[in-house]
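Subject: Handing over the model

Hello,

Here is the structure for you to open. My notes come after it.

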Amino acid sequence: MEEHSVIESYEMKLSESAKDFLKETAKWAYFLSILGYIGIGFVVFAALFAGSLFSAMGKMNPAMGAMGSSLGIVMAFVYFLIAVLYFFPVYYLNKFASNAKAAFKNNDSETLTISLKYLKSHYKYIGIMTLV
């Protein structure tokens with residue numbers, strides 16, 4: 001027969017205050033993710049606007065030569081790249097919040113585990129981007 005240690009059979013339980021802290025964290029994470037999606041929308045709008053603005057400025061200034069007309073495309077690409085890079089942490093934060101709220105509503109520990117996986121992914125992405 002196999003013997004199981006106390007640590008292997010230990011199951012962590014959350015106290016009521018820990019559950020309340022996670023519920024409030026999920027609410028704030030959801031709020032911040034909505035603001036993040038709005039911010040991404042503004043960056044995409046800025047990409048479209050900056051692309052056309054810089055393209056027009058490049059065509060108006062003959063000193064810029066051939067690069068003038070492509071400056072708008074380059075600026076639009078940079079803004080779209082920023083929006084794509086910003087999308088993933090906002091998405092992970094939103095998935096954490098929605099899964100955590102559902103986990104506490106349904107008293108489902110599996111959904112809470114999935115939500116914490118998304119929170120880990122959020123911070124891992126932020127950490128890697130910070131290092132880069």
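Below is what was found, going from the overall picture to single residues.

Please keep in mind that this is a predicted model. The mean pLDDT of the protein is 86. Of its residues, 83% reach 70 or more. Confidence is lowest in helix α1, residues 6–9, where the mean is 60. Helix α4, residues 109–131, has the highest, at 95. Where pLDDT is low, the predicted coordinates should not be read in detail.

Overall picture

The protein has four helices and zero strands. From the N terminus on, the order is α-α-α-α. There are 132 residues, and 24% of them count as buried. The protein exposes about 9800 Å². Carbon and sulfur atoms supply 69% of that area. Take the contacts between residues at least 6 apart in sequence: 65% of them join residues at least 24 apart.

Core

Which residues make up the largest nonpolar core? There are seven: Ala26, Ala29, Leu93, Phe96, Ala97, Ala100 and Tyr118. Helices α2 (16–60) and α3 (67–106) each supply at least two of them. The largest share, four residues, comes from α3.

Tyr118 is a core member worth a click. Leaving out residues up to four places away in sequence, Tyr118 touches Tyr92, Lys95, Phe96 and Asn99. Phe96 belongs to the core as well.

Ser33 in helix α2

Serine 33 sits in helix α2. Is Ser33 buried or exposed? Serine 33 counts as buried because its relative accessible area is 0%, against a cut-off of under 20%. Apart from neighbours within four places in sequence, serine 33 is in contact with Val90, Leu93 and Asn94. Of these partners, Leu93 is also listed in the largest nonpolar core.

Nonpolar surface patch

Now the surface. A nonpolar patch of about 810 Å² is made by Trp28, Tyr30, Phe31, Leu32, Ile34, Leu35, Ile38 and Phe42. Phe42, one of its members, lies in helix α2. Phenylalanine 42 has 58% relative accessibility, so it counts as exposed; the cut-off is over 50%.

Salt bridge

How many salt bridges does the structure hold? The count is one. Side chains of opposite charge can pair when their charged atoms come close. Here the partners are lysine 19 and glutamate 16, with their closest N and O atoms 3.7 Å apart. Both residues lie in helix α2. They are three residues apart, about one turn of the helix. Their exposure is worth a look too. Glutamate 16 is exposed, with a relative accessible area of 53%. Lysine 19 is partly exposed, at 24%.

Loop between α3 and α4

One backbone angle to check: phi of asparagine 107 is near 55°. That is a positive value in a residue other than glycine. Most residues other than glycine have a negative phi. Asparagine 107 is placed in the loop between α3 and α4. With 68% relative accessibility, asparagine 107 counts as exposed.

In short

The protein has four helices and zero strands. Helix α3 gives the largest share of the main core. Helix α2 holds the salt-bridge pair, buried Ser33 and exposed Phe42. Confidence is lowest in helix α1.

Best wishes

Conventions:
Residues are numbered from 1 along each chain as its sequence is written. This is a predicted model: local features need pLDDT of at least 70, side-chain atom pairs count only at pLDDT 80 or more; totals for chains, interfaces and linings use all residues. Side-chain values use heavy atoms; hydrogens and water are left out. A nonpolar core is a set of buried Ala, Val, Leu, Ile, Met, Phe, Trp, Tyr and Cys residues joined through side-chain atoms within 4.5 Å. Buried means under 20% relative accessible area, exposed over 50%, partly exposed in between (1.4 Å probe, protein chains only). Helices (H or I, at least four residues) and strands (E, at least two) are DSSP runs, numbered from the N terminus. Contact means heavy atoms within 4.5 Å. Patches are made of residues with over 30% relative accessible area and no salt bridge: like charges are joined within 9 Å, nonpolar side chains (Val, Leu, Ile, Met, Phe, Trp, Tyr) within 5 Å. Accessible areas come from the Shrake-Rupley method with a 1.4 Å probe; for residues, only the protein chains shown count as cover. A salt bridge is a side-chain nitrogen of Lys or Arg within 4 Å of a carboxyl oxygen of Asp or Glu. pLDDT is the predictor's confidence in each residue, from 0 to 100.
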